[in-house]
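Biologist: Could you take me through the aromatic side chains in this one? I'd like a close look at how the rings sit against each other and what surrounds them.

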Amino acid sequence: MSEIADKVKKIVVEHLGVEESKVTPDASFIDDLGADSLDTVELVMAFEEAFNVEIPEDAAEKIATVKDAIDYIEAQKAA
Amino acid sequence: MGMVTPLGLGTENVWKRLIAGESGIDRIHSFDPSELAAHIGGEVPEGPTSEGKLTISDWIPVKDQKKMDRFIHLGMIAAAEAVEDSGWKPESEEDRCATGVQIGSGIGGLQTIYDASITVYEGRAKRLSPFFIPSALGNLVSGNVSIRYGFKGPNHSAVTACATGVHAIGDAARLIMLGDADVMIAGGAEATVCKLGIAGFCSARALSTGFNDRPKQASRPWDRDRDGFVMGEGAGIVVLEEYEHAKKRGAKIYGEVVGYGMSGDAHHITAPAEGHEGAYRAMFAAVRSAGITPGEIGYVNAHGTSTMADDLELDAVERLFGDEGRKVAMSSTKSAIGHLLGAAGAVEAMFSMLVIRDGVVPPTLNLDNPSRESIIDRVAHEAQQRKVNIALSNSFGFGGTNASVIVRGV
């Protein structure tokens with residue numbers, strides 16, 4: 001697992017208070033990890049802070065799963 | 001009933017300690033108060049739940065805690081005890097819709113607002129938590145309690161400074177009388193023993209500052225050496241229920257809300273008028289709505305904050321009772337737990353109910369030398385055995401808002 005993936009997972013565990021084993025790449029924040037719409041806003045903010053990236057609102061709306069988040073951040077970091 | 005106070009968690013635990021003459025006032029622990037004039041307050045003691053102390057994680061999952069200011073935490077804990085005690089767990093949609101919530105707060109999430117302001121000040125406005133607003137709003141104990149238990153009836157919240165708790169209980173009782181609900185979860189919650197809260201009341205010259213080295217002596221209602229109130233934090237929540245509804249399901253009934261009166265001073269934003277005539281009118285209105293005479297009241301839980309206004313309330317109480325004042329006991333439980341602002345009226349109405357249940361009146365601590373004499377027994381230092389059938393509880397708030405509630409045993 002990449003360093004980014006590892007860090008994303010940690011943030012998700014911390015903010016949503018879920019078991020680490022449940023944070024799989026395909027896990028949906030809302031459907032599988034018990035987040036509501038405000039939780040996802042907070043999660044995106046935490047990603048922005050941790051990775052020093054800007055995630056605009058239209059991009060944030062498309063981040064539904066753990067993998068979506070990792071992919072988006074990796075793309076930003078590669079650019 | 002459910003209660004969280006500087007004397008701990010749990011109605012029976014708090015009541016026992018109150019009657020024993022214990023004080024929950026101490027030097028403030030949650031922040032360093034040394035740059036402020038007041039160094040003391042009534043904080044809910046931290047510790048194991050089994051010892052009647054506060055461990056928030058036993059009540060609210062860690063991930064949800066950050067979505068709620070401390071006043072919501074304390075309110076949720078008191079509500080959990082009250083709902084459990086009442087045994088009212090409606091399953092049907094009809095019963096849920098007939099169960100409402102009216103839990104207020106005098107100020108709301110002050111520490112949350114402070115923290116958010118810092119974030120904005122530091123140029124990080126875009127990093128503001130999406131939970132900032134729902135954490136700070138004063139009606140969010142009502143909101144969170146309804147969500148946790150599925151109570152879908154009227155969802156309301158009084159915000160009337162230090163009169164909030166009485167307004168919440170009085171208004172909730174009226175909603176039941178008017179048929180808007182069969183059951184109301186009612187009360188107040190407050191958590192402003194924070195730097196901003198203490199500093200603000202210090203600036204208003206409202207807090208005791210001369211007893212920083214003797215915290216337990218600082219709250220001394222009617223005593224000649226009193227020099228301001230001591231702020232406390234906590235929550236008091238009752239389950240009110242239409243009488244026949246409660247009887248039918250065999251509910252545990254502490255007593256009945258029989259009278260409620262309100263008034264406005266129209267005088268000054270923080271100081272009561274001469275003779276506290278607004279307090280008199282609130283008490284008189286409560287007596288009238290109860291259909292009783294003042295002489296039938298055996299106990300008054302005074303607003304009695306340990307400020308100059310104590311004697312004005314005493315004027316008003318003496319005027320209400322006349323010669324019958326000789327038969328009344330009046331105490332200020334703020335002497336033991338401090339002033340819980342928006343939660344005070346609820347906690348004190350609950351104490352009044354327990355006076356009736358147990359036939360014992362809690363003391364006014366530190367009343368060593370009354371600043372003036374009165375025919376009214378103010379229960380100095382020690383609890384008194386006394387049979388009481390009807391009790392009155394007063395709460396007055398900044399803005400010149402006054403509320404009195406009368407409770408009776410059944």
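Modeller: Sure, and bear in mind that this is a predicted model. Counting over all chains, there are five aromatic pairs. Take B:Tyr149 and B:Phe151 to start: their ring centres are 5.5 Å apart with 20° between the planes, and the pair is stacked. The two partners don't share the same label for burial. B:Phe151 has 4% relative accessibility, so it counts as buried, while B:Tyr149 comes out at 21% and is therefore partly exposed, given that buried means under 20%.

Now move along chain B to B:Tyr280 and B:Phe284. Here the centres are 5.9 Å apart and the planes meet at 25°, which makes this pair stacked because the angle is under 30 degrees. Both residues belong to helix H11 of chain B, which covers residues 277-290, and they are four residues apart, or about one turn of the helix. B:Tyr280 counts as buried because its relative accessibility is 16%; B:Phe284, at 38%, counts as partly exposed. B:Tyr280 has another neighbour worth a look: the charged end of B:Arg319 sits over its ring, 3.6 Å from the centre.

You'll find that sort of charge-over-ring contact in chain A too, where the charged end of A:Lys7 sits over the ring of A:Phe51 at 4.9 Å from the ring centre.

Back in chain B, there's also a group to pick out: B:Phe201, B:Phe229 and B:Phe398 form one aromatic cluster.

How values were computed: Residues numbered from 1 in each chain as written. Chains lettered and ligands numbered in written order. Predicted model: local features only at pLDDT ≥ 70, side-chain atom pairs only at ≥ 80, totals over all residues. Heavy atoms only, no water. Phe/Tyr/Trp six-rings, centres within 6.5 Å; stacked < 30°, edge-to-face > 60°. Buried < 20%, exposed > 50% of the residue type's maximum accessible area, 1.4 Å probe, protein only. Helix = DSSP H or I, 4+ residues; strand = E, 2+ residues; numbered from the N terminus. Lys NZ or Arg CZ within 6 Å of the ring centre and 35° of its normal.
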